[in-house]
Amino acid sequence: MISSVIICYSAHMGNTLKVARVIGEVLRAEIYKPGELDPREAVKKYQLIGLGSGIYYGRHHPSIITFAEKLPEARNRYVFVFSTSGLPKIPVLHNYHKPLITILSRKGFRLVGEFSCRGYNLHGALRLIGGMNKGRPNAEDLERARRFAENILRRLA
Ligand SMILES: Cc1cc2nc3c(=O)[nH]c(=O)nc-3n(C[C@H](O)[C@H](O)[C@H](O)COP(=O)(O)O)c2cc1C
């Protein structure tokens, strides 16, 4: 089994942490907040690193971006990126994952997958109308997350 770790920041409603827990269960990966693990240690100890958060103002949480920036270069390490967001990501137009993936690719990490799903959003004025995507991530989203993780395991077996 490949040694894996997940770095997750789930600032708003804990939505992304629900996804991280399912993926972590499949990969048998511990979950850390960005401040809890030294990026250099992460690369030394783990072959596969997952990075995820909610999407805030069009990108991952700054603490996740900073974690990625602090990772040393590594040519023989794998990464995956995940998120929950109010709106779906649209390639080119709305590619929420791009800033993070650009940093990771520049450092030589091999991207083995991306996962995203909708998350309950009570931000700002949305609160007045009961929020958006109530109940998400739901059972179906979490099942998709499980399959995503199983696919990674199969690919890296
Ligand atoms: C401050 C803030 C900014 C947000 N910006 C966006 C955004 O730009 N695009 C989007 O689709 N969702 C946006 N959302 C919705 C969150 O991405 C969504 O609720 C997500 O599931 C939160 O994940 P979390 O509970 O793990 O923090 C925003 C939410 C907050 C609180």
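A polar contact is a pair of N or O atoms within 3.5 Å, where, inside a protein, one atom must be able to donate a hydrogen and the other to accept it. Keep that in mind for serine 53, which we'll get to below. This is a predicted model, and a good way in is strand 1, which is largely enclosed by the rest of the structure because five of its six residues are buried.

**Strand 1 and its partners**

- Strand 1 covers residues 4-9, and six bridges pair it in the parallel sense with strand 3, residues 48-56.
- Within that pairing, isoleucine 6 has glycine 50 of strand 3 as its bridge partner.
- Strand 1 also runs parallel to strand 2 (residues 30-32), with three bridges joining them.
- On the strand 2 side, you'll find glutamate 30 opposite valine 5.
- Put helix 1 (residues 15-27) together with strands 1 and 2 and you get a right-handed β-α-β unit.

**The nonpolar cores**

- The largest nonpolar core counts 22 residues, and Ile7, Ile49, Leu51, Leu100, Leu104 and Phe109 have the most contacts inside it.
- At least two residues of this core come from each of strand 1, helix 2 (39-45), strand 3, helix 3 (62-70), strand 5 (78-85) and helix 4 (98-106).
- A second core, separate from that one, has 20 residues, including Val26, Leu27, Phe80 and Phe148.
- Take leucine 51 as a sample: beyond its neighbours within four places in sequence, its contacts include Ile7, Ile64, Phe67, Leu100 and Leu104.
- As a general point, nonpolar side chains in soluble globular proteins tend to be buried together.

**Serine 53**

- Serine 53 sits in strand 3, and it counts as buried because its relative accessibility is 0%.
- Here's the polar contact: a polar atom of the serine 53 side chain lies 2.9 Å from the backbone nitrogen of histidine 61.
- Setting aside neighbours within four places in sequence, serine 53 also touches Tyr9, Thr16 and Phe82, among others.

**Aromatic rings**

- The model has three aromatic pairs, and ring pairs link Phe80, Phe82, Phe115 and Phe148 into a cluster.
- Phenylalanine 115 and phenylalanine 148 form a tilted pair, 5.6 Å centre to centre with 45 degrees between the planes.
- That pair ties together parts 33 residues apart in sequence, because phenylalanine 115 is in strand 6 (residues 110-118) and phenylalanine 148 is in helix 5 (residues 139-156).
- Both rings belong to buried residues: phenylalanine 115 is at 3% relative accessibility, and phenylalanine 148 is at 12%.

Notes
Residues numbered from 1 in each chain as written. Predicted model: local features only at pLDDT ≥ 70, side-chain atom pairs only at ≥ 80, totals over all residues. Heavy atoms only, no water. Buried < 20%, exposed > 50% of the residue type's maximum accessible area, 1.4 Å probe, protein only. Helix = DSSP H or I, 4+ residues; strand = E, 2+ residues; numbered from the N terminus. Pairing = 2+ DSSP bridges. Right-handed = clockwise from strand over helix to strand, strands pointing away. Core = buried A, V, L, I, M, F, W, Y, C linked by side-chain atoms within 4.5 Å. Contact = heavy atoms within 4.5 Å. Phe/Tyr/Trp six-rings, centres within 6.5 Å; stacked < 30°, edge-to-face > 60°.
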